[in-house]
Amino acid sequence: MPPRNTATATSLFSVPSLFISLSLLCILSLSLFFLSHTSSPPSHPLTTPLPPANSIIKVYVADLPRSLNYGLLEKYWSLQTDTRLGSESDNQIRSTHLWKQNLKYPNYPENPIIKQYSAEYWITGDLMTPEELRTASFARRVFDSAEADVVFVPFFATMSAEMQLGVGKGVFRKKEGNEDYERQREVVDFVKRSDAWKRSGGRDHVFVLTDPVAMWHVRAEISPAVLLVVDFGGWYRLDSKASSSNSSDKIQHTQVSLFKDVIVPYTHLLPMLLISENQERRTLLYFKGAKHRHRGGMVREKLWDLLVNEPGVIMEEGFPNATGKEQSIKGMRTSEFCLHPAGDTPTSCRLFDAIQSLCIPVIVSDNVELPFEGMVDYSEFSVFVAVTDALQPNWLVRRLRSYSDKQKNIFRQNMAKVQPVFVYDNGHPGGIGPVPFDGAVNYIWRKATVLQTFSC
C-alpha cells in the first residue's frame, strides 16, 4: 500500500480543525468573562454587575499634541466673546478670568449646546488622572500600545467642531479654510502612521464622537474603529441640498454597528434630584424644547399639535439657557412623565435630564438605540410608545393616566437606582480625579470590553 500523503491530509483538515479550535477558545473566553460577571456583587438590581478588577480593560492613550484636546479649551476660553445661543454663562466666566485658575486642565464649556457632548472631557480626564487615584476606574492605562486592549484617541472632536461653527460656520462643510478639518486631518494622519493602527487597521482604536457633526469630513477613514456616539442618527443623514444630485452626505450604514460601537449618554444639564427629595407632581406630562426640528422632528411637531391643549399636559417652547434651565427644573420635578420624541437626532440630553429629575421618560420611537442596553433595563423606569400609537388622538394621555400611583412610584424608585450610571462629572477640577465606580465613564469602558470580547 502506498504511503499516506500526509501533506494532503494536513491541507484537508487543518482549516476546519483551526476553526473549531478558535471557536472553542472564543466560547471558553466568553464563558470565563460572564462567569466573572456573575461572581461579583451587583451594584443595583436594574443593571448587570461590574466585573472584578481582573477583568479591566487596558487602555493606551495616543500621544496627540495638546493643541488637539486641552489646547482647544484654552483657545475657546481665550475668545473675547461668543455670540451663540447659550453662551451667557461662558462669557461671564471669560469676563472674570476664572477659567485661568486651572490652565493645565481648563474647564469644559457651560454652554448647554456644547456641554451636552462633554463625554470626551470626562473620559480623557479619567485616563490623565495619576494611577494611584484611579483605583475605582474600570480602565487601566498602559504605556505600551502592544500591551493594550484598545488605543484611546484623546481628540476633543466636539470642541473642534464647535470652535469652527462659532467662528466660521460658513466653511464647516468645506475643507479649504476650515480649521476643524485641518485638525481632523492631523488626528487621522497621526494615528495612521502609528504601529498600533498598522497592526489592527484601527479596529482597536477608540474615538469619542458625541456631537453629530464631530469628525464629519473623515468618518469614512475611521469607520473601522470603536466609535463612542450618542446615537446613530447623524450617520444616516441625507443632506436635502444634495438629495437631488448623484452625491450625498449619507454615511454608509456599515460604518456604525452595535457590534463594534458604544452608545453613550449625553451629559445631563439639570441637577440630580434624590428620591428622598421627591415631592408631589401635579402635571401629567411635560415637554420643553423646540417644536420645529429637522428630519426626524416631524413626529415631534405632530405630537405637539395633539397634546398642546390637553389638560394636565405642558408643552413649552424654550432653550436651556439660565432662564430656560430653571423652567426645565421646575417642569420636570413637578411632572409625572416627561416626553421624549425625536428631534434632529433620535435622542437628546432631555432623556437624561428626565432621569436625573425622576420624571418618568416617555420614549416615542419605533427604533432607538440607548446607552448601555443589555446592561441597564430601561423598561423598569421608562414608558416606550410606538409612533403610530402616539399619533392617535387621545391615545397617549389615556395610556399615561392608566398608570396607578403605585406603578409610578416603582418607576421612580427604579430610576433613582440607575441615576449614577448616567453621570460623567467626578466632582474634581478639570475632571482629574477618581471616577465613581458605577458612573458613566466606567460603564462605557465596560461596554467596550464586552464588545471586544465578542469580537474574538
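**Entry 1: strand β1**

Before looking at β1 I fixed one term: a residue is buried when its relative accessible area is under 20%, and exposed when it is over 50%. The model I am reading is a predicted one, and I kept that in mind throughout. Going along β1, I found that the side chains alternate, with I57, V59 and V61 pointing to one face and buried, while K58 and Y60 point to the other face and are not buried.

I then asked myself which residues stand opposite V59 in β2 and in β3. In β2 the residue opposite V59 is R141, and in β3 V150 stands opposite V59. Four bridges join β1 to β2, and these two strands run parallel. On the β3 side, strand β1 (residues 57–61) pairs with strand β3 (residues 150–152), also in the parallel sense, over three bridges. Within that pairing I noted V151 of β3 as the bridge partner of Y60.

**Entry 2: the sheet around β1**

I next traced the sheet outward and wrote down its order as β2-β1-β3-β4-β5-β6, an open sheet of six strands with parallel pairing. Which strands lie at the edges? They are β2 (139–142) and β6 (262–263), each of which pairs on one side only. For my own reference, strands of a sheet pair through backbone hydrogen bonds, either parallel or antiparallel.

**Entry 3: strand β10**

I looked up strand β10 (residues 360–364) for its covering and found it mostly covered, with five of its five residues buried. The side chains of I360, V362 and V364 point one way from β10, whereas those of P361 and I363 point the other way, and all are buried.

For the neighbours of β10, I recorded five bridges to strand β9 (residues 335–341), with the two strands running parallel, and F337 standing opposite I360. Three bridges join β10 to strand β11 (residues 383–385), again running parallel, and here I363 stands opposite F384.

**Entry 4: helices α6 and α7**

Two packed helices are described by the angle between their axes and the distance between the axes, so I took down both values. The axes of helix α6 (residues 157–168) and helix α7 (residues 179–192) come within 8 Å and cross at roughly 160°. Angles over 145 degrees count as roughly antiparallel, and α6 and α7 are therefore roughly antiparallel to each other.

Which residues make this contact? From α6 I listed S160, A161, M163 and Q164, which meet E179, D180 and R183 in α7. Sorted by class, the contact of α6 with α7 has two nonpolar, two polar and three charged residues.

**Entry 5: aromatic pairs**

A search of the whole structure for aromatic pairs gave 18, and I examined two pairs in detail.

In the pair of Y108 and Y121 the ring centres are 5.3 Å apart and the planes stand at 45°, so I entered this pair as tilted. Y108 lies in the loop between α3 (88–96) and α4 (112–115), while Y121 lies in helix α5 (residues 119–128), so the pair ties together parts that are 13 residues apart in sequence. Both Y108 and Y121 are buried.

In the pair of F287 and W304 the ring centres are 5.9 Å apart and the planes are at 85°, so this pair is edge-to-face. F287 belongs to strand β7 (residues 283–288) and W304 to helix α10 (residues 298–307), so the pair ties together parts that are 17 residues apart in sequence. F287 counts as buried at 1% relative accessibility, and W304 counts as buried at 7%.

I also noted one aromatic cluster, formed by Y117, Y266, F352, F372, Y378, F381, F422 and Y443.

**Entry 6: residues with positive phi**

Most residues other than glycine have a negative phi, and I therefore made a separate note of two exceptions.

F372, which is also a member of the aromatic cluster, has a positive phi of about 60° although it is not a glycine. F372 is found in the loop between β10 and β11, and at 1% relative accessibility it counts as buried.

N394 has a positive phi of about 70°, and it is not a glycine either. I located N394 in the loop between α13 (387–390) and α14 (395–401). Is N394 buried, exposed or partly exposed? At 44% relative accessibility, N394 counts as partly exposed.

Definitions and conventions: Residues are numbered from 1 along each chain as its sequence is written. This is a predicted model: local features need pLDDT of at least 70, side-chain atom pairs count only at pLDDT 80 or more; totals for chains, interfaces and linings use all residues. Side-chain values use heavy atoms; hydrogens and water are left out. Axes are lines fitted to C-alpha atoms, for helices over the stretch in contact, and angles run from 0 to 180 degrees between N-to-C directions. Angles under 35 degrees count as roughly parallel, over 145 as roughly antiparallel, 65 to 115 as roughly perpendicular and the rest as oblique. Contact means heavy atoms within 4.5 Å. Ala, Val, Leu, Ile, Met, Phe, Trp, Tyr, Cys and Pro count as nonpolar, Asp, Glu, Lys and Arg as charged, and the others, Gly among them, as polar. Two strands pair if DSSP finds at least two bridges between them. Rings of Phe, Tyr and Trp (its six-membered ring) pair if their centres lie within 6.5 Å; planes under 30 degrees apart count as stacked, over 60 as edge-to-face and the rest as tilted. Buried means under 20% relative accessible area, exposed over 50%, partly exposed in between (1.4 Å probe, protein chains only).
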